[in-house]
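Subject: Structure handover

Hello,

Here is the structure you asked to take over. My notes on what was found follow below it.

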Amino acid sequence: LMQTIVLDTEQRTPGKKSDLKQLRANGNVPATLYHKGEPSISISVKELSLRKVIYTTESHIVNLRFADGTEKPSVMKDYQFDPMTDVITHADFQLLKSDEPVEIEVPVVFTGNPVGVVKGGMVQPALHKLVIRCLPREMPEHITIDISSLDMGDSLHVSELEGKIQEKGEFTLLVDEHTPVVSVLAPRVAAEAPAAEEE
């Protein structure tokens with residue numbers, strides 16, 4: 001199941017722009033911890049530590065550790081970048097309660113050697129993440145999908161994932177069932193695709 005990353009966190013007063021500028025100049029990122037029906041908590045976290053959470057192929061539970069030693073389990077729901085400098089400028093965390101289902105995005109991992117690839121086809125992923133709803137203890141780090149049965153020209157849609165997902169946890173997929181997940185393209189089609197877009 002999902003691993004936990006501990007992130008040292010400081011509570012902050014939602015302040016003026018100059019305060020935020022100073023915070024960022026010191027290598028910190030202003031962030032918000034929220035939970036429905038409760039006031040949001042303004043916090044700051046170190047940018048370097050936050051990058052470890054963002055640049056990972058897995059999903060994680062993030063334990064926000066405050067100066068007094070208390071830890072609040074959360075998931076990162078969103079973050080913003082400065083497009084010029086690539087610096088993370090803000091992050092949103094959602095507080096987890098053990099008995100409350102949460103909606104999260106989980107990375108997709110494909111396994112198996114598709115029949116169509118053996119014949120020379122190419123795997124074309126259409127979805128890299130699936131949105132699911134589950135209890136925190138059931139959160140998978142990723143969702144592994146067996147695609148070995150796909151032949152040349154086959155596509156796999158969300159509605160066809162039953163039996164192909166290898167995770168055992170209890171979760172509900174929150175993705176439209178007609179959404180394509182992955183296809184196996186014939187080499188010719190794969191080569192022609194860019195040309196068709198230009199016309």
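A residue is called buried when its relative accessible area is under 20%, exposed when over 50%, and partly exposed in between. Lys97, at 29%, is therefore partly exposed. Please bear in mind that this is a predicted model.

Salt bridges

Side chains of opposite charge can pair when their charged atoms come close. The count here comes to 7 salt bridges. Three of them are described below.

Lys97 is the partner of Glu38 in one salt bridge, with the closest N and O atoms 3.0 Å apart. This pair links distant parts of the chain, since Glu38 is in strand β3 (residues 38–46) and Lys97 in the loop between β6 and β7, 59 residues apart. Glu38 has a relative accessible area of 37%, so this residue is partly exposed as well.

In another salt bridge, Asp8 and Arg65 bring their closest N and O atoms to 2.9 Å. Asp8 belongs to strand β1 (residues 3–11) and Arg65 to strand β4, so parts of the chain 57 residues apart in sequence are tied together. Asp8 is partly exposed at 47%, and Arg65 is partly exposed at 33%.

Glu105 and Lys129 form a salt bridge with a closest N and O distance of 3.9 Å. Glu105 lies in strand β7 and Lys129 in strand β9, so this pair ties together parts 24 residues apart in sequence. Relative accessibility is 47% for Glu105 and 44% for Lys129; Glu105 counts as partly exposed, and so does Lys129.

Pockets

Glu105 and Lys129 come up again in the largest pocket, which holds about 540 Å³ of space. Its lining has 23 residues, and the closest to the pocket centre are Glu58, Ser59, Met76, Glu105 and Lys129. The elements that give two or more residues to this lining are α2 (47–54), β5 (71–81), β7 (102–111) and β9 (129–134). Strand β7 contributes the largest share, 6 residues. By class, the lining has 11 nonpolar, 6 polar and 6 charged residues.

The second largest pocket has a volume of about 240 Å³. Among the residues lining this pocket are Val158, Leu161, Gly163, Phe171 and Leu173. Its lining divides into 5 nonpolar, 3 polar and 2 charged residues.

Aromatic rings

The whole structure has 2 aromatic pairs. Tyr55 and Phe81 make a tilted pair, 6.4 Å centre to centre with 35 degrees between the planes. Tyr55 sits in the loop between α2 and β4 and Phe81 in strand β5, so far along the chain that 26 residues separate them. The rings of Tyr79 and Phe81 have centres 5.4 Å apart and planes at 85 degrees, so this pair is edge-to-face. Together, ring pairs link Tyr55, Tyr79 and Phe81 into a cluster. Tyr55 is partly exposed at 48%, Tyr79 at 33% and Phe81 at 30%.

Two single residues

Is His60 buried or exposed? His60 has a relative accessible area of 12%, under the 20% limit, and is therefore buried. This residue is found in strand β4 (residues 60–65). Leaving aside neighbours within four places in sequence, His60 is in contact with Met2, Gln3, Ile5, Ser74 and Val75.

Most residues other than glycine have a negative phi. Asp86 is not a glycine, yet has a positive phi of about 70 degrees. Asp86 lies in the loop between β5 and β6 (88–95) and is partly exposed at 45%.

Regards

Conventions
Residues numbered from 1 in each chain as written. Predicted model: local features only at pLDDT ≥ 70, side-chain atom pairs only at ≥ 80, totals over all residues. Heavy atoms only, no water. 1 Å grid on protein atoms, 1.4 Å probe; cavity = no way out; pocket = protein on both sides within 12 Å on 5 of 7 lines; lining within 4 Å. Points joined across faces, edges and corners; volume = space filled by probe spheres on them. Helix = DSSP H or I, 4+ residues; strand = E, 2+ residues; numbered from the N terminus. Nonpolar A, V, L, I, M, F, W, Y, C, P; charged D, E, K, R; others polar. Buried < 20%, exposed > 50% of the residue type's maximum accessible area, 1.4 Å probe, protein only. Contact = heavy atoms within 4.5 Å. Phe/Tyr/Trp six-rings, centres within 6.5 Å; stacked < 30°, edge-to-face > 60°. Salt bridge = Lys/Arg side-chain N within 4 Å of Asp/Glu carboxyl O.
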